[in-house]
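Visitor: Hi! I've just pulled this one up and I'm new to it. Can you walk me through it?

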Amino acid sequence: MAYNKKLNDAVQALHEEAVKVLQDVVRIDSTTGIEQEAQNYMEKLMKEIGFDKVDVWCPTQEELSPLSRYGGSGASTQELGTRPNVVGTVKGSGGGRSLILNGHIDTVPVYHPEVWRFEPWSATIDEDGKLFGRGSTDMKSGLLAATMAVKAIKKAGIKLKGDLVLESVICEERGGCGSLACLQRGYDHADGAIIMEPTNTRVCTAETGTMLMRITVEGKPAHGSAPYAGVSAIEKWCYIMGKINEWDRARHEAAEDQHDPRFKDYQMVAPVCFGMVHAGNWTAMLPNELVAEGRLGFMTDQTVDSIRAEFEQLLQDISKDDEWLSVHPPKVEWMPMSWDAFNIKGSHPLPDTLQAAIRDLGMDDTLTAIPYGTDVKYFIEANIPCILYGPGIITLAHYDNEYVAVKDYLCEIASLAEFIIRWCGTEE
Ligand SMILES: [Zn+2]
């Protein structure tokens, strides 16, 4: 199938403007918690483009906290205040498939501004066409690409049959209560959804799951000059962690996901990783307790409940071979935030239509998969088929010198625009 030339010409004609709006938005600091100014920009932009409705509202804790069925939003721990979501709708004429495009406006903070090549909110484009800035990859380029794709469709005078909803949401980096609030507001049905998270402009059809946990290991305190009189919680933890790592390697070896070509960029597709360990309060003393916090990845054929059960069983098995642990087993607590896995295998109209659009534009239509959590979990809960597709490389996200290649951003606009008209259908 040939791509729509009129639409592609409209995309080409928008290049300069598309780069400008991305720079504008990267230049606004929208670290999680202070999204308002950037959202004001998104509201204005959507209105200028001519969305039929631009819905702006500030989610509240009262609305969101009871919605635990959505896998825990972290809403109860957030200061929400004046942090608006902005959702634009282009009403279809009827008879087409509906679509939600979702992107988060918030970014993680800048940690080491001194090591950046350019000031982190400068949106400077270097000689190789890389646009630098916090949020450039994750994921202002994806969000703005979708916005400009809609603009191109409007400019080309194309009328869609299916409804199109573009969500610019807050708070993804702290649990995703912005996307949750969209569902709660009634944006909870569509024939398909795309989240424009950075996938290196590859169509992403699977995501392994993620849980967060806290493990408490008990010891027996003793004076540092007589450690044999006690039990070191630190040594017990080292033993437990060694066993957890063994289990992790073995389950990866056996997992179908680990051998799935879509995950080929990742050495481990759902690893365990501990990020915080605290024990003791005196240098020359055996601690009575150790607390470790970490993330537990899980395969796409597992659920939050099944991985919990498997991991709790693992801790029991580890403990029963140890004299102390068999009587004082480690306790695991599951934190409220978790991210379900998803996996679209084989043929499905959503990725198939996107791949065809990409192919017909002469771009790379390879499928990919990711090992980290996204707002897809909410779309799964709402039974909306959802995939990820965005410019930018995930290893640049959250790091110093984050950038997006301008050419990938422009490719994303072209392919999303072509996809939208095929998915939603058009009036001739
Ligand atoms: Zn992101």
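Guide: Sure, some vocabulary to begin with: helices (H or I, at least four residues) and strands (E, at least two) are runs from DSSP, numbered from the N terminus. This is a predicted model, where local features need pLDDT of at least 70, side-chain atom pairs count only at pLDDT 80 or more, and totals for chains, interfaces and linings use all residues. Residue numbers start from 1 along each chain, as its sequence is written.

Visitor: OK, how many helices and strands are there in the protein chain?

Guide: The protein chain has 12 helices and 19 strands. Its radius of gyration (taken over C-alpha atoms) is 24 Å, close to the 22 Å that the globule rule gives for 428 residues, so the chain is as compact as a globular protein of that length. That rule is 2.2 Å times the number of residues to the power 0.38. Along the principal axes, the C-alpha atoms fill a box of roughly 80 × 45 × 45 Å.

Visitor: And what share of the residues count as buried?

Guide: 47% of the 428 residues. Buried means that 20 or more other C-beta atoms lie within 10 Å of a residue's own; exposed means 12 or fewer, and partly exposed is in between, with C-beta atoms placed from the backbone.

Visitor: Which domains does the assignment give?

Guide: Domain 1 covers 5-207 + 341-427, and domain 2 covers 209-338. Those bounds come from an automatic or database domain assignment. The C-alpha centres of the two domains lie 35 Å apart. Where they touch, domain 1 supplies 15 residues and domain 2 supplies 16; contact here means C-beta atoms, placed from the backbone, within 7 Å.

Visitor: Which elements give two or more residues to domain 1's side?

Guide: Strand 8 (203-207), strand 15 (342-343) and strand 16 (367-370) do. Strand 16 gives the most, with three residues. By class, that side of domain 1 has seven nonpolar, eight polar and no charged residues. For the classes, Ala, Val, Leu, Ile, Met, Phe, Trp, Tyr, Cys and Pro count as nonpolar, Asp, Glu, Lys and Arg as charged, and the others, Gly among them, as polar.

Visitor: New topic. Is strand 6 buried or exposed?

Guide: Six of the six residues of strand 6 (residues 164-169) are buried, so the strand is largely enclosed by the rest of the structure. Leu164, Leu166 and Ser168 point one way, while Val165, Glu167 and Val169 point the other way.

Visitor: What does strand 6 pair with?

Guide: Strand 2 (residues 85-90) pairs with strand 6 in the antiparallel sense over five bridges, and Val90 stands opposite Leu164. Strand 3 (residues 99-104) pairs with strand 6 in the parallel sense over six bridges, and there Gly103 has Ser168 as its bridge partner. Pairing needs at least two bridges found by DSSP between two strands.

Visitor: In what order do the strands of the open sheet come?

Guide: The order is 11-13-9-14, four strands with antiparallel pairing. Strand 11 (272-279) and strand 14 (331-339) are the edge strands, each pairing on one side only. From one strand to the next, the twist averages 15°. Helix 8 (residues 304-320) packs on this sheet, touching strand 9, strand 13 (289-298) and strand 14, and its direction makes about 160° with that of strand 14. Such angles run from 0 to 180 degrees between N-to-C directions, and axes are lines fitted to C-alpha atoms, for helices over the stretch in contact.

Visitor: What about Gly209, where is that?

Guide: Gly209 lies in strand 9. Gly209 has 25 C-beta neighbours inside 10 Å, so this residue counts as buried. Leaving out residues up to four places away in sequence, Gly209 touches several others, including Phe298, Ile307 and Trp339.

Visitor: Any backbone oddities? Which residues does the cis peptide bond join?

Guide: Asp138 and Met139, with omega about -10°. Met139 is in helix 5, and 18 of the 20 residues of helix 5 (residues 136-155) are buried.

Visitor: And what is the phi of His398?

Guide: Positive, about 70°, although His398 is not a glycine. His398 sits in the loop between strand 17 and strand 18 (403-405). With 15 other C-beta atoms within 10 Å, His398 is partly exposed. Asn383 also isn't a glycine, and its phi is positive, about 60°. Asn383 is exposed, with 10 other C-beta atoms within 10 Å.

Note on methods:
Two residues are in contact if their C-beta atoms, placed from the backbone, lie within 7 Å.
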